[in-house]
Amino acid sequence: MLPRSIVSTCHVLVLVLCVSAIEDFDWTKNDHGSFYYGVFPTGFSWGAGGSAYQTEGAWNVDGKGMSIWDAFAHKQGRVFLNDTGDSSCEGYHKFKDDVTLMKDMKLNHYRFSISWPRILPTGLKSNLGHRLLTIHIFEDENINEKGIKYYNDLIDTLLENKITPIVTLYHWDLPQILEDKYGGWQNTSMVHLFNDFANLCFERFGNRSIAVEGYETGEHAPGLKLRGVGAYKTAHHIIKAHAKAWHTYDTQWRSKQRGLVGISLSGDWGEPVDITNQRDIEAAERYVQFYMGWFATPLFNGDYPQVMKDYVGRKSAQQGLGASRLPVFTAQEKSYIKGTCDFLGIGHFTTRYITQKNYPSGQGNGYFTDRDLAELVDPRWPDPGSEWLYSVPWGFRRLLNFVKTQYGNPMIYVTENGVSEKMACTNLCDDWRMQYFKDYINEMLKAIKDGVNIKAYTAWSLLDKFEWDEGYSERFGLYYVDFRDKNKPRFPKASVQYYKRIISSNGFPNQREVESWKRKSFETCASSNQLLAADPLISHMGMVTEIVVPTMCTLCILLSAVFLMFLLRRRL
């Protein structure tokens, strides 16, 4: 997730969970409105984020085990240009430099994830098995203390610079050995294995954490094709694993550490194509419920959204199945998972228009056809980078208000929000990113004015990094990373200065000041562009020094030897 989790001084935070909607969301009201000038509440937290596999590199260093993403990316053809995260940003070695960048930006928090295989290379806390550990002498035998030290050093460095760490326990990098041995998240044993991992993190890092995210939901590795039932089964185990970890923290650590445990969910907004058409309205609500509601509704209300149960159940019956492909929670499990969310982390990037579309039962039996809807985009929406990411700021406010009405206005941490670029030559004067941040953050401010309980915002991301199956072809970072250079130097984009001014002003104080920010940010990026332009020359000179010069010296020696032999033969 994106919120940050570590503070030197922790306060008691109480979240009252209202598990039924206090009002119905008004789908017919969509006031895009004008730009709103104002500031955020005192104490609002500003941050940036990244994740372990995307930024750390050092994939086989200091005892780290292999993750499913290490294995996936090493297979030819799985990632664009066969890129891997083997070295990535070298964050494992450069974290102190990166914290200096955060301090200069005046960040309040930094969101990062802990690599499960870096601290537990075998995936297990003990070889004796996750259910049999009773003697402490055996419990630490599989713990990689070098991995623990890395995260402790990162946390301590952040705190020394007055930056609150927000820790995500799982951001898609499952230990490969658990995938091989158990089948990964398809196996219910993962509920207990994840709890062991989470409990270790609570023990070693929790005394300095105020917020811990159990999961970042996503896709890609391990690359299994599990259409129809696999995705639902995986999500079922993830929800139960999150609930178990929450209860472990609640019973064993909360009274000592006084932290929070929540979940971070990806959530795009779905807007009806026709807000006067009831079928489009229902389709748009299905889109959101099948997306964010799939995970959020069980944690707040104790069960899957009714519309999911109805649609997947009906499609399963049409396919001649004896039971729904959507798993069922027992009464005991419903009670156990309900209310296991101290805060809701939201990662939001874009919006889709939604309309009704019927998929016959013979036309596939998966998640996407279960929803009976079609996704559309407006060709006028800006799309500077990723093919799926369109800039639609007003959808952000709509989603935040939906969460407010649907789940009783829970405490929200915005854990990811940002935009990419996809171009061969990067221009550090990233005006499209500044505009994106300006518009989306302003819609978040309007949502707070609407009464939505938002506590923090995390720009995604601090650095350019490995972008999953797109490799390094897309860049989300505030800082440009030169991946051609083995030292992975960072260069600030104009958006660094722009975001820094939003943080310093805690919002948008007045029109005159805000309009000057982009101009001032452009002034600073010109020098950065010059540095970046010089970097290939520096790299080239390094190549000359390391390769060409020794090669020429060797050739000179060989030619001298040949010439000497020629002279000796003539004298004989």
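This is a short tour of one protein chain, moving from the whole fold to a few charged pairs worth selecting.

**Start with the whole chain**

Keep in mind as you look around that this is a predicted model. Colour the chain by secondary structure and you will have 18 helices and 15 strands to browse. Now switch to colouring by accessibility: of the 572 residues, 56% are buried. The surface that remains exposed comes to about 24,500 Å², and carbon and sulfur atoms contribute 54% of that area.

How do the contacts span the sequence? Taking contacts between residues at least 6 apart, 79% bring together residues at least 24 apart.

**Turn on the salt bridges**

Next, show the charged side chains. Across the whole structure, a search gives 30 salt bridges. We will visit some of them.

**Stop one: a pair inside a helix**

Select helix α3, residues 91-105, and show the side chains of K94 and D97, which both belong to this helix. They sit three residues apart, about one turn of the helix. Their closest N and O atoms are 3.9 Å apart, and the pair forms a salt bridge; the cut-off for one is 4 Å.

Is K94 buried or exposed? It counts as buried because its relative accessibility is 18%, and the limit for that label is under 20%. Its partner D97 has a relative accessible area of 45%, so D97 is partly exposed.

**Stop two: a link between distant parts**

Now select K334 and D303, whose side chains meet in a salt bridge with an N to O distance of 3.4 Å. This pair links distant parts of the chain, with the two positions 31 residues apart in numbering. K334 lies in helix α13 (residues 331-337), while D303 is in the loop between α11 (278-301) and α12 (306-318).

Try the accessibility colouring again here. K334 is partly exposed because its relative accessible area is 32%, whereas D303, at 13%, is buried.

**Stop three: a network**

Finish by selecting D430 and R433. Here the N to O distance is 2.7 Å, and the two side chains meet in a salt bridge. Both D430 and R433 are buried.

Which residues belong to the network around this pair? Add E421, D464, R475 and K493 to your selection: together with D430 and R433, they are joined into one network by salt bridges that share partners. Showing these six side chains as sticks, with the rest of the chain as a cartoon, gives you a clear view of the network.

Note on methods:
Residues are numbered from 1 along each chain as its sequence is written. This is a predicted model: local features need pLDDT of at least 70, side-chain atom pairs count only at pLDDT 80 or more; totals for chains, interfaces and linings use all residues. Side-chain values use heavy atoms; hydrogens and water are left out. Helices (H or I, at least four residues) and strands (E, at least two) are DSSP runs, numbered from the N terminus. Buried means under 20% relative accessible area, exposed over 50%, partly exposed in between (1.4 Å probe, protein chains only). Contact means heavy atoms within 4.5 Å. Accessible areas come from the Shrake-Rupley method with a 1.4 Å probe; for residues, only the protein chains shown count as cover.
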